[in-house]
Amino acid sequence: MKDDPELRSKADAILKATKEAYGFVPVVNQVLSERPDLFVPMAGVARAVLEGDGDLERKQRLLCAVSAATAIGGEYCVKVQAQHAIDAGATRDEILEAMTIGSYMAMTRAQSYAFRKYAELFDVELDG
């Protein structure tokens, strides 16, 4: 894909700001920034979701990110989002609760799939 100099400049600015804010640039950002046409919009979504104006405070948003990262098994995301949440004032107990919620949701998702299959295999009658 032909590199757009304006998008390349925006991508480089995002990478620089990320490094300055967090001391590192996540691998996902490093790789995706090879395609500024994909990276710049994704970085905008990330900023809007985690840092934009909304009804949830920053710490709450980051605790949601910890919970979601836990649920999907995002090892690196859990570490990074937990540190961001701590930096935003989250306590040890809040981090643990967020991780527990994510773990619970992952477990019940697996159970939902498995137990439906079990019911199908063994003719267990289900309501709804």
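Biologist: Hi! What classes of residue make up the lining of the largest pocket?
Modeller: In this predicted model, the lining of the largest pocket has 25 nonpolar residues, along with five polar and four charged ones.

Biologist: Thanks! How many residues line that pocket, and which lie nearest its centre?
Modeller: The lining has 34 residues, and P26, N29, A46, L50 and Q81 are the ones nearest the centre of the pocket.

Biologist: Which elements give two or more residues to the lining?
Modeller: Those are helix 1 (5-22), helix 2 (27-32), helix 3 (36-51), helix 4 (58-72) and helix 5 (75-87).

Biologist: And which one gives the largest share?
Modeller: That's helix 3, with nine residues in the lining of the largest pocket.

Biologist: What volume does the largest pocket have?
Modeller: Its volume is about 1,100 Å³.

Biologist: New topic, cysteines. How many disulfides does a search of the whole structure find?
Modeller: Zero, across the whole structure.

Biologist: Why is there no bond for C64?
Modeller: A disulfide is a covalent bond between the sulfur atoms of two cysteines. The closest cysteine sulfur to that of C64 belongs to C77, and it sits 15 Å away, which is too far for a bond. To count as a disulfide, the two sulfurs would have to be within 2.5 Å.

Biologist: And seen from C77, which cysteine sulfur is closest?
Modeller: The one in C64, again at 15 Å and too far for a bond.

Biologist: How does C64 count in terms of accessibility?
Modeller: C64 is partly exposed, with 44% relative accessibility.

Biologist: What about C77?
Modeller: C77 has 42% relative accessibility, so it counts as partly exposed too.

Notes:
Residues are numbered from 1 along each chain as its sequence is written. This is a predicted model: local features need pLDDT of at least 70, side-chain atom pairs count only at pLDDT 80 or more; totals for chains, interfaces and linings use all residues. Side-chain values use heavy atoms; hydrogens and water are left out. Buried means under 20% relative accessible area, exposed over 50%, partly exposed in between (1.4 Å probe, protein chains only). On a 1 Å grid over the protein atoms alone, a cavity is a set of points where a 1.4 Å probe fits but cannot get out, and a pocket is an open set with protein on both sides within 12 Å along at least five of seven lines; lining residues have an atom within 4 Å of a point. Grid points are joined across faces, edges and corners, and a volume is the space filled by probe spheres set on the points. Helices (H or I, at least four residues) and strands (E, at least two) are DSSP runs, numbered from the N terminus. Ala, Val, Leu, Ile, Met, Phe, Trp, Tyr, Cys and Pro count as nonpolar, Asp, Glu, Lys and Arg as charged, and the others, Gly among them, as polar.
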